[in-house]
Amino acid sequence: MAVAIVMEFEGTGLEQYDQVNRLMGLTPGGPGPAGSLSHWATMTEKGLQVTDVWESREKFDAFARDKMGPLTAEAGFAGPPKMTFHEVHNYFTAGNGA
């Protein structure tokens, strides 16, 4: 079952976020990691907020453990994020513009 994850990185900025994406080889508007269905990021009053939808909690957990965790530490993120998980009832993918 698909899962949405809201991650709140207090005290972390867009420069650090962009650095992690570069380290992962990800580009804005490009394809995401295997298992990722959607991703967006923004700044709030407290810091960086990232919202993802993944094919499953297991695929997200493996990505967070193996990739995201080590690279956010390398990029100097203030600490691990506050994460909220939601079961996804429905999601849309890129369409044909109809």
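# Reading the terms in this fold

Me: Why is Gly95 called exposed?
Reply: Gly95 has a relative accessible area of 71%. Exposed means over 50%, buried means under 20%, and partly exposed lies in between (1.4 Å probe, protein chains only). 71% is over 50%, so Gly95 is exposed.

Me: What kind of model is this, and how is it numbered?
Reply: It is a predicted model: local features need pLDDT of at least 70, side-chain atom pairs count only at pLDDT 80 or more, and totals for chains, interfaces and linings use all residues. Residues are numbered from 1 along each chain as its sequence is written, and side-chain values use heavy atoms, with hydrogens and water left out.

Me: Where does Gly95 sit?
Reply: Gly95 is in the segment after E4. Its C-alpha lies 32 Å from that of Thr72, with the two positions 23 residues apart in sequence.

Me: What makes up the fold, and in what order?
Reply: The protein chain has 2 helices and 4 strands. From the N terminus the order is β-α-β-β-α-β. Both kinds of element are DSSP runs numbered from the N terminus: helices are H or I with at least four residues, strands are E with at least two.

Me: How do you know whether the radius of gyration agrees with a compact globule?
Reply: The radius is taken over C-alpha atoms, and the globule rule is 2.2 Å times the number of residues to the power 0.38. For 98 residues, a compact globule would come near 13 Å. The protein chain has 13 Å, so the two agree. Along the principal axes, the C-alpha trace spans about 40 × 30 × 25 Å.

Me: What share of the residues counts as buried?
Reply: Of the 98 residues, 36%. The chain exposes about 6,500 Å², with carbon and sulfur atoms supplying 53% of it. Areas come from the Shrake-Rupley method with a 1.4 Å probe; for residues, only the protein chains shown count as cover.

Me: What share of the contacts spans 24 or more positions?
Reply: Among contacts with a separation of 6 or more, 75% join residues 24 or more positions apart. Contact means heavy atoms within 4.5 Å.

Me: Why is the pair of Phe9 and Phe77 called edge-to-face?
Reply: There are 4 aromatic pairs in total. Phe9 and Phe77 form one of them, at 5.1 Å centre to centre and 90 degrees between the planes. Rings of Phe, Tyr and Trp (its six-membered ring) pair if their centres lie within 6.5 Å; planes under 30 degrees apart are stacked, over 60 edge-to-face, the rest tilted. 5.1 Å is within 6.5 Å and 90 degrees is over 60, so the pair is edge-to-face.

Me: Which parts of the chain does this pair link?
Reply: Phe9 is in strand E1 (residues 3-10), and Phe77 is in the loop between H2 and strand E4 (82-87). The two are 68 residues apart.

Me: Why are Phe9 and Phe77 called buried?
Reply: Phe9 has a relative accessible area of 4%, so it falls under the buried limit. Phe77 has 11%, so it does as well. Phe77 is in contact with residues including Phe9, Thr12, Tyr17 and Leu48, neighbours within four places in sequence left aside.

Me: What makes Trp54 and Phe60 edge-to-face?
Reply: Their centres are 5.9 Å apart, with 70 degrees between the planes. Both values meet the ring rule, so the label holds. Trp54 and Phe60 are both buried. Ring pairs link Trp54, Phe60, Phe63 and Phe85 into a cluster.

Me: How do you know whether Gln49 is buried or exposed?
Reply: Gln49 has 19% relative accessibility, so it counts as buried. Gln49 lies in strand E3 (residues 47-54). Beyond residues up to four places away in sequence, Gln49 touches Val6, Met7, Glu8, Trp40, Ala41, Thr42 and Thr44.

Me: Why does Thr51 count as buried?
Reply: At 14% relative accessibility, Thr51 is under the limit, so it counts as buried. Thr51 is also found in strand E3. Setting aside neighbours within four places in sequence, Thr51 contacts Ile5, Val6, Ser38, His39 and Trp40.

Me: Why is Leu71 called buried?
Reply: Its relative accessible area is 15%, so Leu71 meets the buried rule. Leu71 is found in helix H2 (residues 57-74). Leaving aside neighbours within four places in sequence, Leu71 is in contact with Val20, Leu23 and Met24.
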